[in-house]
Amino acid sequence: MSGTLNKVMLIGHLGDEVKMHYFEGGGCVGRFPLATNETYVSKQTNQRVTNTEWHNIVVRNKGAEVCEKYLTKGDKVYVEGRIKTRKWQDESGNDRYSTEIQVSDFTFLSTKRDPEAAPQPNTTQQTQQNTQNASPKPASSDDDLPF
């Protein structure tokens, strides 16, 4: 195989509200931290251990506006995208690196707590731009596997 792949799929909880940044040309970027957890039982202590990993999520344009409108801290969300590492310099001139997840698709997994609220979309950023790919993928079961 000669190609490469940079694809990330995460399900986690928002650690903060979506922070928006608007540009002069009309575009925008939304950023938020996403927490994923790994839980296991320690063989030494026989106690449950939970490790939390934090991910820097970046959503652009219309997808960012939808996230800002419907997501709040603690909400569960599925995001799909690619890993991007940015290099920048701090005030002292030292090189710094930030690793982010550049989102291409997302699906809200939390239900709204207020029944009077507007219906929550189950959306992806791509379907907002291209509705011909809007059909949901069927969930597979072990019976569907060819082996």
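How exposed is Asn61, in terms of relative accessibility? In this predicted model, Asn61 has a relative accessibility of 39% and therefore counts as partly exposed, since that class lies between the buried limit of 20% and the exposed limit of 50%. Asn61 belongs to helix 1, which runs over residues 61–70. Its backbone also deserves a look, for the phi angle of Asn61 is near 55°, a positive value in a residue that is not glycine. As a rule, most residues other than glycine have a negative phi.

Another asparagine joins Asn61 here. Asn46 has a phi near 60°, again positive in a residue other than glycine. Asn46 sits in a loop, with strand 3 (28–41) on one side and strand 4 (48–60) on the other. With a relative accessibility of 63%, Asn46 counts as exposed, because this value is over 50%.

Helix 1 rewards a closer look. Its buried residues are Gly63, Ala64, Val66, Cys67 and Tyr70. These residues cover an arc of only 160° around the axis, and so they lie on the same side of helix 1. The general geometry of such helices helps here: an α-helix has 3.6 residues a turn, so residues three or four places apart point the same way. On the face of helix 1 turned away from the buried side, the exposed residues Lys62 and Lys69 are found.

One of the buried residues of helix 1, Cys67, has a relative accessible area of 1%. Cys28 is buried as well, at 2% relative accessibility. What number of disulfides does a search of the whole structure find? The search returns 0 disulfides.

Charged side chains tell the next part of the story. The count of salt bridges comes to 6. One of them joins Glu100 to Arg31, with the closest N and O atoms 2.6 Å apart. This pair links distant parts of the chain, as Glu100 is in strand 6 (residues 95–108) and Arg31 is in strand 3, with their positions 69 residues apart in the numbering. Glu100 also meets Arg86 in a salt bridge, at 3.0 Å from N to O. Because Glu100 lies in strand 6 and Arg86 in strand 5 (residues 76–89), this pair ties together parts that are 14 residues apart in sequence. Arg31, Arg86 and Glu100 are thus linked in a network of salt bridges.

Where do the members of this network stand, buried or exposed? Glu100 counts as buried, because its relative accessibility of 4% is under the 20% limit. Its two partners are partly exposed: Arg31 has a relative accessibility of 35%, and Arg86 has a relative accessible area of 33%.

A further salt bridge brings together the side chains of Arg96 and Asp90, at 3.2 Å from N to O. Here Asp90 is the buried partner, at 14% relative accessibility, while Arg96 counts as partly exposed at 42%.

How values were computed: Residues numbered from 1 in each chain as written. Predicted model: local features only at pLDDT ≥ 70, side-chain atom pairs only at ≥ 80, totals over all residues. Heavy atoms only, no water. Helix = DSSP H or I, 4+ residues; strand = E, 2+ residues; numbered from the N terminus. Buried < 20%, exposed > 50% of the residue type's maximum accessible area, 1.4 Å probe, protein only. Disulfide = S-S within 2.5 Å. Arc of directions from axis to C-beta. Salt bridge = Lys/Arg side-chain N within 4 Å of Asp/Glu carboxyl O.
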